[in-house]
Amino acid sequence: MDRNIAFADLGMDSDTQPSRTNSDITGTAKGHDGTVIPLSPSYSDSSLDHFVKKDGLVFAGTHLIIDLVGASRLDELEHIEETLKEAVEVSGATLLHIHLHHFTPNGGVSGVAVLAESHISIHTWPERGYAALDVFMCGDAEPHKAIAVLRRAFRPDAVQLNDLKRGLTV
């Protein structure tokens, strides 16, 4: 398949310019209190980059690595899509795009929900009752709230969780 066609199917094209970074921004922005802030090419403000301030730490976001063991409904594409949408909603995140692929013959699903706050990815092995998920969110989103949605939707015997704070050294 032509790479440009594949990107276009995902809502992207290879001619799209990369987004600007803080070092590229000039002009003005509004602060939290409504005041106008002049921006220069060297301007950097954590209020504009959606870094999280929590428990005395400043970091890019929370990245949950979730393994569902003994889970069900891992081959039901529509169920997985609705579950991801609900997880995004309860977490207070913003869904930009969702793309899922259903494999044959085992029926596994791989995909991603692209969020304004980052992403949720899923890879399932229904023949083993196993699903691997990444839930990475920045800003005010609450990724831990997605866990209850995943438990209810897939009824795993066990949930294994790794909770990472990304960007602590930035």
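The dialogue below asks how several terms apply to this predicted model.

Student: What are the ground rules for the numbering and for this model?

Tutor: Residues are numbered from 1 along each chain as its sequence is written. The model is predicted, with local features needing pLDDT of at least 70 and side-chain atom pairs counting only at pLDDT 80 or more, while totals for chains, interfaces and linings use all residues, and side-chain values use heavy atoms, leaving out hydrogens and water.

Student: Why does Gly 61 count as buried?

Tutor: Buried means under 20% relative accessible area, with exposed over 50% and partly exposed in between (1.4 Å probe, protein chains only). Gly 61 has 0% relative accessibility and therefore counts as buried.

Student: Which residues does Gly 61 touch, leaving aside those up to four places away in sequence?

Tutor: Contact means heavy atoms within 4.5 Å, and by that rule Gly 61 touches Val 52, Phe 136, Met 137, Cys 138, Leu 164, Lys 165 and Arg 166. The C-alpha atoms of Gly 61 and Cys 138 are separated by 4.0 Å, although these residues are 77 apart along the chain.

Student: What makes S5 and S9 a pair?

Tutor: Strands are DSSP runs of E with at least two residues, helices are runs of H or I with at least four, and both are numbered from the N terminus. Two strands pair if DSSP finds at least two bridges between them. S5, which covers residues 61-69, is joined to S9 by eight bridges in the antiparallel sense, and one of the bridge partners is Phe 136 in S9, opposite His 63.

Student: How many bridges join S8 to S9, and what lies between these strands?

Tutor: Eight bridges join S8 to S9, again with antiparallel strands, and the bridge partner of Trp 125 is Tyr 130 in S9. The two strands form a hairpin with four residues between them, where Gly 129 in the turn has a positive phi of about 65°.

Student: What makes a set of residues a nonpolar core, and which members touch the most others in the largest one?

Tutor: A nonpolar core is a set of buried Ala, Val, Leu, Ile, Met, Phe, Trp, Tyr and Cys residues joined through side-chain atoms within 4.5 Å. The largest has 28 residues, of which Ile 66, Leu 84, Ile 120, Leu 133 and Phe 154 touch the most other members. Helix H4 (145-154) is among the contributing elements and gives the most, with six residues.

Student: How do you know that S9 is mostly covered?

Tutor: Six of the eight residues of S9 are buried. Leu 133 touches residues including Leu 64, Leu 84, Ile 120 and Leu 150.
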